[in-house]
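Trainee: Got a few minutes to go through a model with me? I'd like to ask things as they come up.
Mentor: Sure, let's put it on screen.
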Amino acid sequence: MSSEDLREEEVEKKYSAHNIQVLEGLEAVRKRPSMYIGDTHVKGLHHLVSEVVDNSIDEALAGFCNDIQVTILKDDSIVVKDNGRGIPVDEHEKLHKSALEVVMTVLHAGGKFDKGSYKVSGGLHGVGVSCVNALSDYLRAEVRRGGHVYMQEYAYGKPTSPVSIIGDCDESDHGTTIQFHPDATIFQSTVYQFDILSTRLRDLAYLNAGVRLTLTDMRDLDEEGKPHSEVYYSETGLNDFVRFLDEGKTSLIGDVIHIHSNKNNIPIEVAMTYNDSFKENIYSFVNNINTVEGGTHLTGFRRGLGATLKKYAEDNKMLDKVKVELNKDDFLEGLTAVISVKVLEPQFEGQTKTKLGNTEVMGAVDSSVREALGNYLEEHPNEAKAIVEKVILAATARHAAQTARARIQRKSPLSGSGLPGKLADCSCKDPAQSELFLVEGDSAGGSAKQGRDRNFQAILPLRGKILNVEKVMEHKIYESESVVNIFRALGITDPKNFEFEKLRYHRVIIMTDADVDGAHIATLLMTFFYRCIPDIITHGCLYIATPPLYRCLKGNNQEYCWTDQQVRTFIDKYGQGEERNVKVQRFKGLGEMNPEQLWDTTMDPENRMLKRVRVEDAASADHTFSMLMGEDVAPRRKFIEENATYATLDT
């Protein structure tokens, strides 16, 4: 027996009850936080706020709350205040502790397991606020209930004081206030981002009509010392949500179709409209949870929509002269819709546990859509005709796109490999180690080809501005030489059925000039990837290179600078504060850099700065792309006017 075998045998002999670790209270949450909140990065940090806010929303769903205030304090503590009933504070009959302490310190404790307390709930696991407590170095719970104000404080999930009455209040003043600060030993960063919280609260306002949500940032004060604050409120709920998503697009039917029913005791709400774009834009929610992977409610909606529209078209002889067969996707082109269902006991499945699996929901949504949409079409013949004509156009364009996509699949007789002739490929065959630079212009492409590391860096020069895919029908996309070259370079033969395993590079880097035209080209490319190959972004493969704007030189001292402030710092350091003492070279384009400079500043993995393109919120991303790249000028002008103070002029 070898010494290694002996060591393994000794380990097996020592394995006993002593090795079994029992985690008490909330220790399990602190030991494995990602099991409860997803991760300990930005997403998990902001999820803490959602857990607390969702408790307030549950009060709103039960009919006891209509005002929720979220405040980011200067030290990145979060305060969530609502006007609900207030967490119970009387003694729990089994644990002989205040119900407030039980809710804050015991997993799977809460009113959501008592069907009499909440009919539906955003989180049915009962771990929400106790997880927040476990992952905070400080938490303060304050309850206004029955004319008294109760309070208890905690550290790392454990009470540091008993529940006590700290004051009185009016009987009409009731609710809960939770203040917490995330534990810096758990999270990589404890700095909250206003935009991420804003997006979640905006969605909740649309999904819960009549509930006012306020977000205030005490870290951001104006000249008068007033904090930045935004209010999210919607009278019509999903109808306003659809209008928000559709901003920048031209409506085909003028307004929003609203469906509201309660089939089989399942509250169902749908808002939808059709526009002149060529993309579908559907969002589904279950108990206010964004089901990004869809599920039975989405399947039921699509089935009901397609069956109803097809029956109407056939009954009215609108398909008699159509030469192509309609399929389910044709009914979705140009559709913007939000589906929201409330389910007593939702069953989630899928990779991210955000795919609804309740089979009974499918039939309920299907029949609700058939009934309500059928009535709408009969009562609005002009709008019905516009929708059906859009569906027929989509079917015709789909057949044209199938023919056009075949261009990508056919191998070029010149290259043999199917790769574009302009591509300067790398020698590495491992996609995980390979990267593709999409470079603006032939001159910059020439410098990039000379300056690159040929082992793992490939260069594809792009001539002119790439097609704006936001404005064209699908088959036109595959007729663009630049687009086809990108598909071929990436090894994508069928964009409709993306296969990550066949992707030739796991880093796709957009490299354009640091000026207005370069920014426009980069935006066109991001629009292309978001609309045509979104999986590239989902897998974290899309990046933007950030070439420097300046090269500063004083004697043997040289620095590349990306901002005017960096130039100023160099002048102060090496030029005694005088510009005339320093040589400052302004790069107006990548083509002005020689291969060595381009490698040193923008392509060398040791020195370069890459920005990874991520989509944190699909609804906001879709809205922004449609607004900036669509046909409607008014929303784009409004966006520029509102954000002009954040822009810098390139001179």
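Mentor: We can talk through cores, helix packing, cysteines and one serine.

Trainee: What should I know before we start?
Mentor: This is a predicted model, where local features need pLDDT of at least 70 and side-chain atom pairs count only at pLDDT 80 or more, while totals for chains, interfaces and linings use all residues. Residues are numbered from 1 along each chain as its sequence is written, and side-chain values use heavy atoms, with hydrogens and water left out.

Trainee: How many residues are in the largest nonpolar core?
Mentor: The largest nonpolar core has 46 residues, and those with the most contacts inside it are Val53, Ile78, Phe180, Tyr192 and Leu213. Its largest share, seven residues, comes from helix 4 (residues 42–61). A nonpolar core here is a set of buried Ala, Val, Leu, Ile, Met, Phe, Trp, Tyr and Cys residues joined through side-chain atoms within 4.5 Å. Buried means under 20% relative accessible area, exposed over 50%, and partly exposed in between, with a 1.4 Å probe and protein chains only. Helices are DSSP runs of H or I with at least four residues, numbered from the N terminus.

Trainee: And what does Val53 touch?
Mentor: Not counting residues up to four places away in sequence, Val53 touches Val70, Val80, Leu201, Leu204 and Leu213; contact means heavy atoms within 4.5 Å. Another core, of 41 residues, lies apart from the largest one, with Leu462, Val469, Val483 and Leu503 among them.

Trainee: Switching topic: where does Ser447 lie?
Mentor: In helix 12 (residues 442–451). Ser447 has 10% relative accessibility, so it counts as buried. Leaving aside neighbours within four places in sequence, Ser447 contacts Met593, Pro595 and Leu598.

Trainee: Now cysteines. How many disulfides does a search of the whole structure find?
Mentor: Zero, where a disulfide is a pair of cysteine sulfur atoms within 2.5 Å. For Cys428, the nearest cysteine sulfur is that of Cys426, 5.8 Å away. Cys428 counts as partly exposed because its relative accessibility is 24%.

Trainee: Why is there no bond between Cys552 and Cys561?
Mentor: Because the sulfur of Cys552 is 3.8 Å from that of Cys561, its closest cysteine sulfur, which is too far for a bond. Cys552 is buried, with a relative accessible area of 0%.

Note on methods
Helices (H or I, at least four residues) and strands (E, at least two) are DSSP runs, numbered from the N terminus.
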